[in-house]
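Work through the exercises below with the sequence and the model at hand. Each task is followed by a solution in steps.

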Amino acid sequence: MEIMALDKNFIPTGMTRIPFFDLSWHRKYYETGEFQVQIRAPDYSPDMAYIYTKDRPELGMIQSVKFTGDDGMVLLSGYFYEKRLKDKIVWPVFNGYGTRAALAMQMITAYKADLPLVPGTVADGGEKIEKQETGGELEKVLQTMLMADEKAIRCRYDYAENKMYVDVWQGKDRTQGQTENNFVTFSHGFRNIRKVAVKDDSSNYKNYAVVGGAGEGSGRIYVAVDLSGGQYRQQIFVDARNEQYDPEKQTLAEYKAALYQKGLEKLQSYVDIHNVEFEAVADSGVRYLEDYDLGDKCDIIIEEIGRSWQARITEVCETWSKGIHTVTLTFGDKIPTLYERARVN
(Lines give C-alpha, C1' and ligand atoms only; values in the text may rest on other atoms or scores of the structure.)
Protein backbone atom coordinates (compact mmCIF):
# COMPACT_ATOMS: atom_id res chain seq x y z
CA MET A 1 0.00 0.00 0.00
CA GLU A 2 1.28 3.47 -0.89
CA ILE A 3 0.73 6.40 1.47
CA MET A 4 1.24 10.16 1.26
CA ALA A 5 0.93 12.97 3.79
CA LEU A 6 -1.43 15.95 3.52
CA ASP A 7 -1.38 19.17 5.51
CA LYS A 8 -4.38 20.62 7.37
CA ASN A 9 -5.73 22.01 4.08
CA PHE A 10 -5.41 18.58 2.38
CA ILE A 11 -2.42 19.70 0.31
CA PRO A 12 0.42 17.17 -0.17
CA THR A 13 3.51 17.77 1.94
CA GLY A 14 6.67 16.95 0.04
CA MET A 15 6.85 13.47 -1.45
CA THR A 16 3.85 11.92 -3.20
CA ARG A 17 4.86 8.58 -1.71
CA ILE A 18 6.29 8.20 1.80
CA PRO A 19 8.51 5.16 2.38
CA PHE A 20 7.69 3.43 5.67
CA PHE A 21 9.18 0.65 7.78
CA ASP A 22 6.10 -0.56 9.65
CA LEU A 23 2.45 0.25 9.03
CA SER A 24 -0.73 -0.82 10.81
CA TRP A 25 -4.06 0.09 9.17
CA HIS A 26 -6.82 -1.08 11.53
CA ARG A 27 -10.18 -0.77 9.81
CA LYS A 28 -13.40 -1.15 11.83
CA TYR A 29 -17.03 -1.41 10.76
CA TYR A 30 -19.12 -0.38 13.78
CA GLU A 31 -16.42 1.84 15.32
CA THR A 32 -13.79 4.29 14.16
CA GLY A 33 -10.57 2.66 13.01
CA GLU A 34 -6.99 3.72 13.64
CA PHE A 35 -3.49 3.56 12.19
CA GLN A 36 0.16 3.92 13.00
CA VAL A 37 3.15 4.19 10.71
CA GLN A 38 6.88 4.35 11.32
CA ILE A 39 8.95 6.53 8.97
CA ARG A 40 12.46 7.97 8.89
CA ALA A 41 12.98 11.37 10.53
CA PRO A 42 14.19 12.99 7.25
CA ASP A 43 10.85 12.01 5.66
CA TYR A 44 8.82 13.73 8.38
CA SER A 45 7.51 17.29 8.17
CA PRO A 46 5.80 19.23 11.00
CA ASP A 47 2.97 20.29 8.67
CA MET A 48 1.83 16.70 8.15
CA ALA A 49 -1.79 16.43 9.31
CA TYR A 50 -3.28 13.44 7.46
CA ILE A 51 -2.17 10.12 5.99
CA TYR A 52 -3.90 9.44 2.68
CA THR A 53 -3.87 6.33 0.49
CA LYS A 54 -5.69 5.73 -2.76
CA ASP A 55 -5.76 2.02 -1.89
CA ARG A 56 -8.21 2.30 1.06
CA PRO A 57 -11.26 4.53 1.65
CA GLU A 58 -10.13 5.79 5.07
CA LEU A 59 -8.16 8.97 5.80
CA GLY A 60 -5.87 8.86 8.82
CA MET A 61 -5.58 11.88 11.14
CA ILE A 62 -2.10 12.35 12.61
CA GLN A 63 -2.84 12.87 16.30
CA SER A 64 0.35 11.57 17.89
CA VAL A 65 3.98 12.05 16.84
CA LYS A 66 6.78 10.21 18.62
CA PHE A 67 10.45 10.67 17.75
CA THR A 68 13.16 8.30 18.92
CA GLY A 69 16.55 9.93 18.58
CA ASP A 70 18.51 6.70 18.97
CA ASP A 71 17.13 5.11 15.80
CA GLY A 72 16.10 8.25 13.92
CA MET A 73 12.49 7.05 13.53
CA VAL A 74 9.18 8.91 13.80
CA LEU A 75 6.01 7.07 14.77
CA LEU A 76 2.80 8.68 13.51
CA SER A 77 -0.57 7.46 14.76
CA GLY A 78 -4.21 8.44 15.15
CA TYR A 79 -7.80 7.66 14.27
CA PHE A 80 -9.50 7.77 10.91
CA TYR A 81 -11.47 10.90 10.00
CA GLU A 82 -14.80 9.53 11.35
CA LYS A 83 -13.49 10.38 14.82
CA ARG A 84 -14.16 14.07 14.04
CA LEU A 85 -17.85 13.24 14.60
CA LYS A 86 -17.01 12.67 18.27
CA ASP A 87 -16.33 16.42 18.55
CA LYS A 88 -19.95 17.25 17.67
CA ILE A 89 -23.07 16.74 19.78
CA VAL A 90 -26.72 16.22 18.95
CA TRP A 91 -28.00 19.59 20.14
CA PRO A 92 -30.56 21.08 20.00
CA VAL A 93 -32.90 18.08 20.31
CA PHE A 94 -33.35 15.82 17.28
CA ASN A 95 -36.76 14.40 16.40
CA GLY A 96 -37.20 12.32 13.28
CA TYR A 97 -38.99 9.48 11.59
CA GLY A 98 -37.57 7.29 8.83
CA THR A 99 -35.07 4.54 8.15
CA ARG A 100 -32.00 4.55 10.37
CA ALA A 101 -29.80 5.29 7.35
CA ALA A 102 -31.88 8.31 6.37
CA LEU A 103 -32.01 9.57 9.97
CA ALA A 104 -28.23 9.23 10.23
CA MET A 105 -27.69 11.45 7.21
CA GLN A 106 -30.21 13.96 8.58
CA MET A 107 -28.27 14.10 11.87
CA ILE A 108 -24.96 14.58 10.08
CA THR A 109 -26.36 17.41 7.99
CA ALA A 110 -27.91 19.07 11.06
CA TYR A 111 -25.01 18.74 13.51
CA LYS A 112 -21.77 18.55 11.51
CA ALA A 113 -21.23 22.28 12.11
CA ASP A 114 -17.82 23.26 10.69
CA LEU A 115 -16.84 19.78 9.47
CA PRO A 116 -16.30 19.84 5.66
CA LEU A 117 -18.56 16.84 5.07
CA VAL A 118 -20.47 16.29 1.82
CA PRO A 119 -23.40 13.82 1.86
CA GLY A 120 -22.43 10.67 -0.05
CA THR A 121 -24.17 7.36 -0.56
CA VAL A 122 -26.95 6.14 1.72
CA ALA A 123 -27.60 2.39 1.99
CA ASP A 124 -31.11 1.31 1.07
CA GLY A 125 -33.60 -0.58 3.21
CA GLY A 126 -34.40 -1.00 6.86
CA GLU A 127 -37.45 -0.41 9.01
CA LYS A 128 -38.71 3.10 9.73
CA ILE A 129 -38.43 4.25 13.34
CA GLU A 130 -39.16 7.19 15.61
CA LYS A 131 -35.91 8.73 16.89
CA GLN A 132 -35.34 11.38 19.56
CA GLU A 133 -31.87 12.29 20.81
CA THR A 134 -30.53 15.04 23.05
CA GLY A 135 -26.91 15.85 23.81
CA GLY A 136 -25.20 12.63 22.73
CA GLU A 137 -21.85 12.56 20.91
CA LEU A 138 -22.67 12.46 17.21
CA GLU A 139 -20.18 9.65 16.46
CA LYS A 140 -21.58 7.34 19.16
CA VAL A 141 -25.21 8.15 18.39
CA LEU A 142 -24.74 7.33 14.70
CA GLN A 143 -22.77 4.13 15.29
CA THR A 144 -25.20 2.78 17.89
CA MET A 145 -28.29 3.55 15.83
CA LEU A 146 -26.94 2.09 12.59
CA MET A 147 -25.68 -1.09 14.28
CA ALA A 148 -29.29 -2.21 14.68
CA ASP A 149 -29.50 -2.40 10.86
CA GLU A 150 -25.95 -3.79 10.45
CA LYS A 151 -24.98 -0.54 8.72
CA ALA A 152 -22.08 1.80 9.37
CA ILE A 153 -20.80 5.35 8.89
CA ARG A 154 -17.71 6.18 6.84
CA CYS A 155 -15.86 9.37 5.88
CA ARG A 156 -14.27 9.00 2.45
CA TYR A 157 -11.81 11.56 1.07
CA ASP A 158 -11.85 12.06 -2.71
CA TYR A 159 -8.38 13.37 -3.53
CA ALA A 160 -9.18 14.32 -7.13
CA GLU A 161 -12.28 16.33 -6.15
CA ASN A 162 -10.80 17.53 -2.82
CA LYS A 163 -14.03 16.62 -1.05
CA MET A 164 -14.74 14.69 2.13
CA TYR A 165 -17.78 12.51 1.56
CA VAL A 166 -19.70 10.84 4.36
CA ASP A 167 -21.48 7.57 3.57
CA VAL A 168 -24.02 5.42 5.36
CA TRP A 169 -23.11 2.02 3.98
CA GLN A 170 -23.44 -1.71 4.39
CA GLY A 171 -21.11 -4.54 3.42
CA LYS A 172 -22.15 -7.20 0.94
CA ASP A 173 -23.79 -10.51 1.75
CA ARG A 174 -21.41 -13.27 0.63
CA THR A 175 -23.06 -16.18 2.41
CA GLN A 176 -24.32 -19.24 0.53
CA GLY A 177 -27.93 -18.27 1.16
CA GLN A 178 -27.85 -15.46 -1.42
CA THR A 179 -27.25 -15.26 -5.19
CA GLU A 180 -26.18 -11.66 -5.85
CA ASN A 181 -22.52 -11.93 -4.79
CA ASN A 182 -19.76 -14.54 -4.83
CA PHE A 183 -19.70 -16.95 -1.89
CA VAL A 184 -16.93 -16.63 0.69
CA THR A 185 -16.40 -19.30 3.35
CA PHE A 186 -13.53 -19.31 5.83
CA SER A 187 -12.45 -22.58 7.43
CA HIS A 188 -9.45 -24.83 8.00
CA GLY A 189 -11.04 -27.16 5.45
CA PHE A 190 -10.61 -24.49 2.79
CA ARG A 191 -7.10 -23.78 4.07
CA ASN A 192 -7.68 -20.04 4.18
CA ILE A 193 -7.40 -19.33 7.94
CA ARG A 194 -4.81 -19.73 10.68
CA LYS A 195 -4.25 -18.59 14.28
CA VAL A 196 -7.93 -18.92 15.11
CA ALA A 197 -9.39 -17.49 18.34
CA VAL A 198 -13.07 -18.02 19.24
CA LYS A 199 -14.80 -16.07 22.01
CA ASP A 200 -18.29 -16.71 23.44
CA ASP A 201 -19.23 -14.58 26.45
CA SER A 202 -22.70 -14.13 27.95
CA SER A 203 -21.56 -12.59 31.26
CA ASN A 204 -22.65 -9.08 30.26
CA TYR A 205 -25.85 -10.07 28.43
CA LYS A 206 -29.21 -8.35 29.03
CA ASN A 207 -32.44 -8.89 27.12
CA TYR A 208 -35.04 -6.67 28.80
CA ALA A 209 -35.02 -2.90 29.28
CA VAL A 210 -37.37 -0.62 31.17
CA VAL A 211 -37.03 2.90 29.74
CA GLY A 212 -38.10 5.84 31.92
CA GLY A 213 -38.96 8.96 29.95
CA ALA A 214 -40.42 12.34 30.82
CA GLY A 215 -42.54 13.04 33.89
CA GLU A 216 -42.34 12.54 37.64
CA GLY A 217 -43.75 9.92 40.02
CA SER A 218 -46.87 8.18 38.79
CA GLY A 219 -46.99 10.54 35.82
CA ARG A 220 -43.66 9.39 34.39
CA ILE A 221 -43.81 7.65 31.01
CA TYR A 222 -42.31 4.15 30.83
CA VAL A 223 -41.71 1.74 27.96
CA ALA A 224 -40.54 -1.89 28.10
CA VAL A 225 -38.22 -3.43 25.49
CA ASP A 226 -38.50 -7.21 25.69
CA LEU A 227 -35.97 -9.25 23.67
CA SER A 228 -36.22 -12.29 25.93
CA GLY A 229 -38.51 -14.26 23.62
CA GLY A 230 -40.41 -15.54 26.62
CA GLN A 231 -37.25 -16.87 28.27
CA TYR A 232 -35.52 -15.77 31.47
CA ARG A 233 -35.42 -11.96 31.68
CA GLN A 234 -32.11 -10.20 32.34
CA GLN A 235 -33.16 -6.62 33.01
CA ILE A 236 -31.72 -3.11 32.94
CA PHE A 237 -33.22 0.33 33.58
CA VAL A 238 -32.59 3.13 31.06
CA ASP A 239 -33.03 6.69 32.34
CA ALA A 240 -34.22 8.74 29.35
CA ARG A 241 -35.77 11.67 31.21
CA ASN A 242 -33.78 14.03 28.96
CA GLU A 243 -35.96 12.95 26.04
CA GLN A 244 -38.80 15.41 26.49
CA TYR A 245 -42.42 14.81 25.53
CA ASP A 246 -44.10 17.73 23.73
CA PRO A 247 -47.74 16.84 22.92
CA GLU A 248 -47.90 19.78 20.51
CA LYS A 249 -45.14 18.28 18.35
CA GLN A 250 -45.67 14.52 18.71
CA THR A 251 -48.25 12.00 19.80
CA LEU A 252 -47.77 9.87 22.90
CA ALA A 253 -47.37 6.83 20.64
CA GLU A 254 -44.57 8.55 18.72
CA TYR A 255 -42.82 9.51 21.95
CA LYS A 256 -43.06 5.96 23.28
CA ALA A 257 -41.69 4.64 19.99
CA ALA A 258 -38.67 6.93 20.43
CA LEU A 259 -38.17 5.64 23.98
CA TYR A 260 -38.38 2.08 22.67
CA GLN A 261 -35.53 2.80 20.23
CA LYS A 262 -33.50 4.26 23.09
CA GLY A 263 -33.92 1.02 25.05
CA LEU A 264 -33.22 -1.15 22.01
CA GLU A 265 -29.97 0.70 21.31
CA LYS A 266 -28.92 0.49 24.96
CA LEU A 267 -29.38 -3.29 24.95
CA GLN A 268 -26.81 -3.47 22.14
CA SER A 269 -24.20 -2.69 24.80
CA TYR A 270 -25.16 -5.92 26.62
CA VAL A 271 -24.92 -8.47 23.80
CA ASP A 272 -24.33 -12.19 24.09
CA ILE A 273 -20.93 -12.10 22.40
CA HIS A 274 -20.05 -14.48 19.58
CA ASN A 275 -16.71 -13.55 18.09
CA VAL A 276 -14.07 -15.24 15.95
CA GLU A 277 -10.71 -13.84 14.90
CA PHE A 278 -8.07 -15.28 12.57
CA GLU A 279 -5.41 -14.46 10.02
CA ALA A 280 -6.53 -14.80 6.42
CA VAL A 281 -4.15 -16.93 4.36
CA ALA A 282 -3.01 -15.22 1.17
CA ASP A 283 -3.32 -17.01 -2.19
CA SER A 284 -5.94 -19.39 -0.82
CA GLY A 285 -8.67 -18.90 -3.42
CA VAL A 286 -10.34 -15.82 -1.93
CA ARG A 287 -8.67 -12.41 -2.14
CA TYR A 288 -9.03 -9.51 0.25
CA LEU A 289 -10.56 -6.38 -1.37
CA GLU A 290 -11.57 -8.39 -4.43
CA ASP A 291 -13.62 -11.31 -3.08
CA TYR A 292 -14.35 -9.87 0.38
CA ASP A 293 -13.94 -6.63 2.32
CA LEU A 294 -14.73 -4.95 5.62
CA GLY A 295 -18.43 -5.21 6.49
CA ASP A 296 -19.12 -8.23 4.28
CA LYS A 297 -21.16 -11.10 5.71
CA CYS A 298 -19.46 -14.46 5.21
CA ASP A 299 -19.71 -18.09 6.31
CA ILE A 300 -17.20 -19.29 8.92
CA ILE A 301 -16.68 -22.92 9.92
CA ILE A 302 -14.42 -23.96 12.80
CA GLU A 303 -14.37 -27.73 12.47
CA GLU A 304 -12.39 -28.44 15.64
CA ILE A 305 -15.23 -27.29 17.91
CA GLY A 306 -18.14 -28.04 15.58
CA ARG A 307 -19.17 -24.40 15.20
CA SER A 308 -20.34 -22.36 12.23
CA TRP A 309 -21.46 -18.75 11.82
CA GLN A 310 -22.78 -16.29 9.32
CA ALA A 311 -21.26 -13.02 10.47
CA ARG A 312 -19.98 -9.69 9.22
CA ILE A 313 -16.33 -8.73 9.08
CA THR A 314 -16.29 -6.13 11.84
CA GLU A 315 -12.54 -5.48 11.86
CA VAL A 316 -9.67 -5.80 9.41
CA CYS A 317 -6.24 -5.22 10.90
CA GLU A 318 -3.62 -4.92 8.17
CA THR A 319 0.07 -4.77 8.96
CA TRP A 320 3.13 -4.32 6.79
CA SER A 321 6.45 -5.23 8.39
CA LYS A 322 9.71 -6.21 6.72
CA GLY A 323 7.91 -6.54 3.41
CA ILE A 324 5.25 -8.93 4.74
CA HIS A 325 1.56 -7.99 4.55
CA THR A 326 -0.69 -9.65 7.14
CA VAL A 327 -4.50 -9.44 7.23
CA THR A 328 -6.29 -10.34 10.47
CA LEU A 329 -10.08 -10.55 10.33
CA THR A 330 -12.57 -10.26 13.18
CA PHE A 331 -16.16 -11.45 12.72
CA GLY A 332 -19.21 -10.96 14.91
CA ASP A 333 -19.61 -8.92 18.07
CA LYS A 334 -17.15 -6.48 19.55
CA ILE A 335 -15.63 -7.76 22.79
CA PRO A 336 -15.81 -4.93 25.36
CA THR A 337 -12.85 -4.15 27.56
CA LEU A 338 -13.21 -4.22 31.35
CA TYR A 339 -13.31 -0.42 31.29
CA GLU A 340 -16.14 -0.41 28.74
CA ARG A 341 -18.11 -2.91 30.82
CA ALA A 342 -17.69 -0.74 33.88
CA ARG A 343 -19.06 2.28 31.99
CA VAL A 344 -22.05 0.27 30.75
CA ASN A 345 -22.86 -1.08 34.18
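**Exercise 1: a sheet and its helix**

In this predicted model, an open sheet of three strands shows mixed pairing and the order 16-15-17. Task: state which strands form the edges, how strand 15 pairs with strand 16, and which helix lies across the sheet strands.

Solution.
- Step 1. Strand 16 (222–226) and strand 17 (235–239) are the edge strands, as each pairs on one side only. From one strand to the next, the twist averages 20 degrees.
- Step 2. Strand 15 covers residues 208–212 and pairs with strand 16 in the antiparallel sense, over five bridges. Within this pairing, Ala-224 in strand 16 stands opposite Val-210.
- Step 3. Strand 15, strand 16 and strand 17 are crossed by helix 3 (residues 252–267), which runs at about 45 degrees to strand 16.

**Exercise 2: a salt bridge between two strands**

Task: say which parts of the chain the salt bridge of Glu-279 and Arg-194 ties together, and classify both residues by accessibility.

Solution.
- Step 1. The N to O distance between the side chains of Glu-279 and Arg-194 is 3.1 Å, and the cut-off for a salt bridge is 4 Å.
- Step 2. Glu-279 belongs to strand 18 (residues 273–280) and Arg-194 to strand 14 (residues 193–201), so the pair joins parts 85 residues apart in sequence.
- Step 3. Glu-279 has 13% relative accessibility and is therefore buried, the limit being under 20%. Arg-194, with a relative accessible area of 43%, is partly exposed.

**Exercise 3: two salt bridges from one loop**

Task: find the salt-bridge partners of Glu-216 and Arg-220, and decide whether each of these two residues is buried or exposed.

Solution.
- Step 1. Glu-216 forms a salt bridge with Arg-241, with 3.6 Å between the closest N and O atoms. Glu-216 is in the loop between strand 15 and strand 16, while Arg-241 is in the loop between strand 17 and helix 3, 25 residues apart.
- Step 2. Glu-216 is exposed, at 61% relative accessibility; Arg-241, at 33%, is partly exposed.
- Step 3. Arg-220 meets Asp-239 in a salt bridge at 2.8 Å, N to O. Arg-220 sits in the loop between strand 15 and strand 16 and Asp-239 in strand 17, 19 residues apart.
- Step 4. Arg-220 counts as buried at 11% relative accessibility, whereas Asp-239 is partly exposed at 47%.

**Exercise 4: a network**

Task: name the residues that salt bridges with shared partners join into one network.

Solution. The network consists of Lys-131, Glu-133, Glu-243, Lys-262 and Glu-265. The count of salt bridges in the model comes to 29.

Key
Residues numbered from 1 in each chain as written. Predicted model: local features only at pLDDT ≥ 70, side-chain atom pairs only at ≥ 80, totals over all residues. Heavy atoms only, no water. Pairing = 2+ DSSP bridges. Helix = DSSP H or I, 4+ residues; strand = E, 2+ residues; numbered from the N terminus. Axes fitted to C-alpha atoms, helices over the stretch in contact; angles between N-to-C directions. Contact = heavy atoms within 4.5 Å. Buried < 20%, exposed > 50% of the residue type's maximum accessible area, 1.4 Å probe, protein only.
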